[in-house]
Amino acid sequence: ILRVRLRHLAEDNRRRGEIAARYSAAIGRHRRADERELRAPWLAPDVDAVWHLYVVRSRQRDALAARLQQAGIATMVHYPMPIHCQPAYGGDANRGAMPHAERACAEVLSLPIYPEIADDEVARVCAAIENDLGS
């Protein structure tokens, strides 16, 4: 299966890059500096990402996820807990030790991105994001 999928890797990466660019454009059209700020992923100019995930950050992540869910858009929190807070590393005893990691884990939300997502579905995600940011 992987040998067959490998033939499609370059095209799949290109497609995810196209989707990521559309999401970033939708977010970029609505810069807000309030509590509902939504930040797109940032890449250095010389980086060529494969966009395995498209992870945004929002101080109101859970509310945003709920609004997107109401619009029929699935999201996911891939990294809900920083490593230093996981039970194997001391759990709650380490909470507060790495505030940037903890804040990131509280703000990250992955939008749907996979090569087979249809253009109209990408447009629906963009419209929902723009509608949310515009309200």
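**Entry 1: cysteines**

I went looking for disulfides and the count came to zero. I checked Cys85 anyway: the nearest cysteine sulfur belongs to Cys105 and sits 7.9 Å away, so with a cut-off of 2.5 Å Cys85 is in no disulfide. I note here that I am working with a predicted model.

Is Cys85 buried or exposed? I looked up its relative accessibility, which is 2%, so Cys85 counts as buried. I did the same for Cys126 and got 7%, so Cys126 counts as buried too.

**Entry 2: the sheet**

Next I turned to the strands. I found an open sheet of three strands in the order 1-2-3, with antiparallel pairing. Strand 1 and strand 3 are the edge strands, each pairing on one side only.

I then went through the pairings. Strand 1 covers residues 38-39 and is joined to strand 2 by two bridges, the two running antiparallel. How many bridges join strand 2 to strand 3? I get four, again antiparallel, with strand 3 covering residues 108-111.

For the residue partners, I started with strand 1. Leu38 has Ser58 of strand 2 as its bridge partner, and Arg39 has Arg57. I followed Arg57 across to strand 3, where it stands opposite Val108.

**Entry 3: the two faces of strand 2**

I remind myself that in a regular strand the side chains alternate between the two faces of the sheet. I wanted to see how that plays out along strand 2, residues 54-58. Which side chains there are buried? Tyr54, Val56 and Ser58 are, and they point to one face. Val55 and Arg57 point to the other face and are not buried.

**Entry 4: Glu107**

Arg57 led me to Glu107, since the side chains of these two make a polar contact at 2.8 Å. The side chain of Glu107 also makes a polar contact with that of Arg39, at 3.1 Å. I had already met Arg39 and Arg57 as bridge partners.

Where does Glu107 lie? I place it in helix 4, residues 99-107. Its relative accessible area is 6%, so I write it down as buried. Leaving out residues up to four places away in sequence, I listed what Glu107 touches: Arg39, Val56, Arg57, Ser58, Arg59 and Arg61. Among them, Val56, Arg57 and Ser58 belong to strand 2.

**Entry 5: Arg16**

I moved on to helix 2, residues 9-28, and picked out Arg16 there. I find Arg16 buried and without a salt bridge. Why no salt bridge for Arg16? The nearest side chain of opposite charge is that of Asp12, 4.9 Å away, and a salt bridge has to be within 4 Å, so this pair does not count.

What does the side chain of Arg16 reach? I traced it to the backbone oxygen of Trp51, at 3.2 Å. Setting aside neighbours within four places in sequence, I have Arg16 in contact with Val50, Trp51, His52, Ile113, Tyr114 and Pro115.

**Entry 6: salt bridges**

How many salt bridges does the structure hold? I have eleven in my notes, and I looked up a few of them.

Glu11 and Arg14 form one, with the closest N and O atoms 2.5 Å apart. I see both in helix 2, three residues apart, about one turn of the helix. Glu11 has a relative accessible area of 43%, so I call it partly exposed. Arg14 comes out at 41% relative accessibility, so it counts as partly exposed as well.

Arg22 and Asp119 form another, with the closest N and O atoms 3.4 Å apart. I marked this pair because it links distant parts of the chain: Arg22 is in helix 2 and Asp119 in helix 5 (residues 119-134), 97 residues apart. Arg22 is partly exposed at a relative accessible area of 28%, and Asp119 counts as partly exposed at 42%.

I also looked up Arg95, which forms a salt bridge with Asp92, their closest N and O atoms being 2.9 Å apart. Are these two partly exposed or exposed? Arg95 is at 45% relative accessibility and counts as partly exposed, while Asp92 is at 59% and counts as exposed.

Last, I checked for salt bridges that share partners. They join Glu11, Arg14, Arg15, Glu18, Arg22 and Asp119 into one network.

Definitions and conventions. Residues are numbered from 1 along each chain as its sequence is written. This is a predicted model: local features need pLDDT of at least 70, side-chain atom pairs count only at pLDDT 80 or more; totals for chains, interfaces and linings use all residues. Side-chain values use heavy atoms; hydrogens and water are left out. Buried means under 20% relative accessible area, exposed over 50%, partly exposed in between (1.4 Å probe, protein chains only). Two strands pair if DSSP finds at least two bridges between them. Lys and Arg count as positive and Asp and Glu as negative; His and the chain ends are not counted. A polar contact is a pair of N or O atoms within 3.5 Å; within protein, one must be able to donate a hydrogen and the other to accept it, and residues adjacent in sequence count only if both atoms are side-chain atoms. Contact means heavy atoms within 4.5 Å.
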